[in-house]
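Hello,

Here is the structure I said I would pass on. My notes on it follow below.

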Amino acid sequence: MKQLSKYIELYRPPHLHLRIQDEADAPDIFTLVQSEQQRLSQTLPWPMSVRHQNDTLNTIKQNRQLFAQGTSAVYVIRWDGKIAGIVGFNTIDGDEAVIGYWIASAFEGKSVAYNAVSALVDWYAKEGELKTFIIKCSVENPRSNRLAQRLGFYFHHLEPQGEKIGQRFLDQNIYYYSPSDKSAG
Ligand SMILES: CC(C)(COP(=O)(O)OP(=O)(O)OC[C@H]1O[C@@H](n2cnc3c(N)ncnc32)[C@H](O)[C@@H]1OP(=O)(O)O)[C@@H](O)C(=O)NCCC(=O)NCCS
């Protein structure tokens, strides 16, 4: 079992702060998801199912348990002290992790998500904790595809009908990134 307790929080001055979700974050995150629900549900499967603050609280509790078990690591993104969104490893399996992220509209188009994902990947890769990073995004999510490509991820394969958004099954582009391959080659 992976011990991830040293990965609780990361500052990347001057703007970025990542911290493992805390129960105390539930009211702010719930409010943000509520205000962004329509927008986020265009590209994510879960926002419409968030109805009460307790839904957010329960998700945070589950995520904290998975972090303690070393199988997931979900962080709150703070930018200049304000909650901007969420980034993390939805799953960790051996030295491979699947990345997930969303940011609030006020922080979109400013490279906040780029900075958050690259800080997270650099951190775990430098420590030798993880070697392979995966991003899965629907072919209908140009912003997320651009982000994966800008981060240096390469297209690995297409997963037909890889995710269900609303009532539609969408094909997913699966991107991989292995930082250690660069030093090897
Ligand atoms: C996917 C998502 C995180 C991408 O966010 P983003 O802000 O587009 O991504 P980045 O942080 O890389 O920012 C990139 C943009 O910032 C711009 N940018 C870069 N540096 C900048 C700066 N210093 N100042 C202002 N803008 C800047 C870039 O030009 C780029 O915009 P462009 O792609 O339109 O040219 C966001 O759209 C989102 O949360 N979507 C909803 C949830 C979702 O789909 N999650 C992913 C599921 S797979």
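**Domain and overall fold**

Over residues 16-181 the chain is 35% helix and 37% strand, and the C-alpha atoms at the two ends of this stretch are 27 Å apart. Residues 16-181 are the range that UniProt, in an unreviewed entry, gives for the feature "domain: N-acetyltransferase". Please keep in mind that this is a predicted model.

The chain has six helices and eight strands. From the N terminus onward, the order is β-β-α-α-α-β-β-β-α-β-α-β-β-α. The radius of gyration is 16 Å, close to the 16 Å that the globule rule gives for 185 residues, so the chain is as compact as a globular protein of that length. Along the principal axes, the C-alpha atoms fill a box of roughly 50 × 35 × 35 Å. Buried residues account for 30% of the 185 in the chain. If one takes the contacts between residues at least 6 apart in sequence, 55% of them join residues at least 24 apart.

**The core**

The largest nonpolar core has 44 residues, and the members that touch the most others are Ala73, Tyr75, Ile77, Val87, Tyr101 and Ala116. Helix H4 (residues 112-126) contributes the largest share of this core, with seven residues.

What does Tyr101 touch, leaving out residues up to four places away in sequence? The list is Gly85, Ile86, Val87, Ala113, Ala116 and Val117.

Ala116 also turns up in the surroundings of Leu16, a residue of strand S2. The two are 100 residues apart along the chain, yet their C-alpha atoms are separated by 7.1 Å. Beyond four places in sequence, Leu16 touches Trp79, Asn115 and Ala119 as well as Ala116. Leu16 has 19 C-beta neighbours inside 10 Å and therefore counts as partly exposed; the cut-off for buried is 20 or more.

**Around the ligand**

There are 20 residues around the ligand, and Thr43, Ser111, Ala113, Tyr114 and Arg143 come nearest. Strand S5 (96-103), H4 and helix H5 (142-150) each supply at least two residues of this shell. Which element gives the largest share of the shell? H5 does, with five residues. By residue type, the shell divides into ten nonpolar, five polar and five charged.

**Backbone points to check**

Most residues other than glycine have a negative phi, and most peptide bonds are trans. Three places in this model are worth listing with that in mind.

- The peptide bond from Pro13 to Pro14 is cis, with omega near 5 degrees. Pro14 sits in the loop between strand S1 (9-12) and strand S2 (16-20).
- Ser111, which is not a glycine, has a positive phi, near 65 degrees. It belongs to the loop between S5 and H4. Ser111 has 13 other C-beta atoms within 10 Å, so it is partly exposed. Ser111 is also one of the residues that come nearest to the ligand.
- Gln161 likewise is not a glycine and has a positive phi, of about 50 degrees. Its place is in strand S7 (residues 154-165). Gln161 counts as exposed because it has 10 C-beta neighbours inside 10 Å.

**Two aspartates**

Asp25 lies in the loop between S2 and helix H1 (26-35). Is Asp25 buried or partly exposed? It counts as partly exposed, with 19 C-beta neighbours inside 10 Å, where 20 or more would make a residue buried. Apart from its neighbours within four places in sequence, Asp25 is in contact with Ile60 and Val76. Asp25 and Lys2 are 23 residues apart in sequence, and their C-alpha atoms are 25 Å apart in space.

Asp55 is in helix H3 (residues 53-69). With 15 C-beta neighbours inside 10 Å, Asp55 counts as partly exposed. Setting aside residues within four places in sequence, Asp55 is in contact with Ser49 and Val50. From Asp55 to Ala26 the separation is 29 residues in sequence and 8.9 Å in space, C-alpha to C-alpha.

Regards

Notes. Residues numbered from 1 in each chain as written. Predicted model: local features only at pLDDT ≥ 70, side-chain atom pairs only at ≥ 80, totals over all residues. Core = buried A, V, L, I, M, F, W, Y, C linked by C-beta atoms within 7 Å. Buried ≥ 20, exposed ≤ 12 C-beta atoms within 10 Å, placed from the backbone. Helix = DSSP H or I, 4+ residues; strand = E, 2+ residues; numbered from the N terminus. Contact = placed C-beta atoms within 7 Å. Rg over C-alpha atoms; globule rule 2.2 N^0.38 Å. Near = placed C-beta within 6 Å. Nonpolar A, V, L, I, M, F, W, Y, C, P; charged D, E, K, R; others polar. UniProt positions renumbered as here; feature names shortened; annotations may be inferred.
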